[in-house]
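Hi,

Here is the structure I said I would pass on. Have a look at it first, and then read my notes underneath.

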Amino acid sequence: MKHLRSIDELGLDGLTGLLQLTDHMAEINQRPVPKVPALRGRTVASLFFEDSTRTRLSFETAAKRLSADTMTFNVSTSSVNKGESLRDTVATITDMGVDAFVVRHKSVGIPWQISQWTSASIINAGDGAHQHPTQALVDCYTIREATHAQNFSGMKIAIVGDIKHSRVARSNIQAFTLLGASVVLVAPPTLLPPDVSHWPVSVSHKLDEIIDKVDVLYMLRLQSERMAQGHVPTLREYSEQYGLTHKRVLALKSDAIVMHPGPMNRGVEMQIDPSDVKNSLIHRQVANGVSVRMAVLFELLGSGSSLGGQA
Amino acid sequence: MSKSESSSTSREAMTAADVRRAIVRIAHEIVERNHGVDGLAIVGLQRGGTWIAEEIAAQINNIEKEVKVPVGALDVSLHRDDIGMRPVSLGAISNIPFDLSGATVVVVDDVLYTGRTVRAAMEGLNNYGRPRAVQLAVLVDRGHRELPIRPDFVGKNLPTHRADEVSATRDGVFVTPNPQAKP
């Protein structure tokens, strides 16, 4: 495997292989000294044109735990401000000798574009509203860890909120359905893409109608600027209809799981403290982020695929 | 390894009974060398060494009934110097649920060959603490060392050709000459 840019590029075998490889990485993170020399001499550059806390930090931590060197590209203090193009920026960093770029950009398709300009591996850490494959891997791993299910067949997963602008939703829909789950999208019509008829999902506009039937309740962040753009009338109305309230927590199945990719908007989609929810996996999602990204980096850079794909 | 290795092309170097006797002897030697089992821990290397480690520990617990020797498993694939030449065996995860600091750790593997696995294991063990001493037990020593490593406990010394394949299971030890190799 050379790049990780989308879930469909990964396929079912790649997905399950990476989840299994993550078990090895999770064990390393349990050790008193959580560091292995596996990627000694490799360099990983993070190229973030959009803000990020957990994705960037977990990639850097993952690289360091595998003994890779890291380079952090900070747009606000870079020559991008002097007018350097993306292509020249990538070429410059490539010339310094990097083995992988971790890329986040507001435009769809940038990871594919960059992979034509460099021989390094490309990991998509979010491109516009398109894909965020490592978040989907983290979420699948977290569900697998909590349920001990090797595949998700028979599992019903609701993704609630701003589907239209969410790359997390798109990657997760692909990953969850690939593993056999049935996915229901819950959102007001204004926050759904214009046409989801070709997506392998069902759609509901009422959270209360499905909340007692789902095994996983996946809450998405509502970006506050969506109100200014006219997608929701008021944040209060949105949170009343689609927010996770105390009442809705009580309506959940007793073993249902609550997830959120972060950052959370407390008081909007999360009307409660997530630690009040018995089966909240939000902290596991963050903790597993490092292990999953270690598996991705090792798979792409560990010279020779450990999953038996094309080397 | 598969049963096909015990076909006519391969040579049986140890029978199942030989393997069982060698494990019993190694268990006695470990107890004798360490004057008991105080501070002793057994760590099998994934995957071939783990079942031998379990059997050695069971034998030791049989000899010295007062104490139960802790047994762990170590996956060295991420510590190797030849990463990429061997894939990670998915599912063969390290499991050392005890502190190794101050312990006498007996590393157990099936076949000792170049010594690179054992080197990686010694490095990996240090992630779990600083053992007082590390000893090495192997079912088969087939020679061809590339590093200054020697075993403390050996089931059988088995001279081989470099190209031979050696498999060691409960059913016995089998040597398969590689037909592609030059004589």
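Where in chain B does Arg47(B) lie? You will find Arg47(B) in the loop that runs between strand 2 (40-45) and helix 2 (50-63) of that chain. I start there since the peptide bond joining Gln46(B) and Arg47(B) is cis, with omega about -15°. Do keep in mind that this is a predicted model.

Chain A has a cis peptide bond to look at as well, going from Gly262(A) to Pro263(A), with omega near -10°. Pro263(A) sits in the loop between strand 9 (257-259) and helix 11 (282-301) of chain A.

Next, some backbone angles. Ser67(A) is not a glycine, yet its phi is positive, about 70°. Look for Ser67(A) in the loop between helix 2 (54-65) and strand 2 (69-74) of chain A. Is Ser67(A) buried or exposed? The label is partly exposed, because 15 other C-beta atoms lie within 10 Å of Ser67(A), and that count falls between the 12 or fewer of an exposed residue and the 20 or more of a buried one.

Over in chain B, His144(B) is another non-glycine residue with a positive phi, this time near 65°. His144(B) belongs to the loop between strand 5 (133-141) and strand 6 (153-157) of chain B. It has 14 C-beta neighbours inside 10 Å, so His144(B) counts as partly exposed.

Now for helix 1 of chain A, which covers residues 7-30. A straight helix of its 24 residues would reach 34 Å at 1.5 Å a residue, but the end C-alpha atoms here are only 28 Å apart. If you follow helix 1 of chain A along, there is a kink of about 70° centred on Asp13(A).

Finally, chain A as a whole. Its secondary structure comes to 11 helices and 9 strands, and the C-alpha trace spans about 55 × 45 × 35 Å along its principal axes. How does the radius of gyration of chain A compare with that of a compact globule? The two agree, because a compact globule of 311 residues would have a radius of gyration near 19 Å and chain A has 19 Å. Of those 311 residues, 45% count as buried. As for contacts in chain A between residues at least 6 apart in sequence, 75% join residues at least 24 apart.

Happy browsing!

Definitions and conventions: Residues numbered from 1 in each chain as written. Chains lettered and ligands numbered in written order. Predicted model: local features only at pLDDT ≥ 70, side-chain atom pairs only at ≥ 80, totals over all residues. Helix = DSSP H or I, 4+ residues; strand = E, 2+ residues; numbered from the N terminus. Expected span 1.5 Å × (residues − 1). Bend = angle between axes of the 7 residues up to and from the residue. Rg over C-alpha atoms; globule rule 2.2 N^0.38 Å. Contact = placed C-beta atoms within 7 Å.
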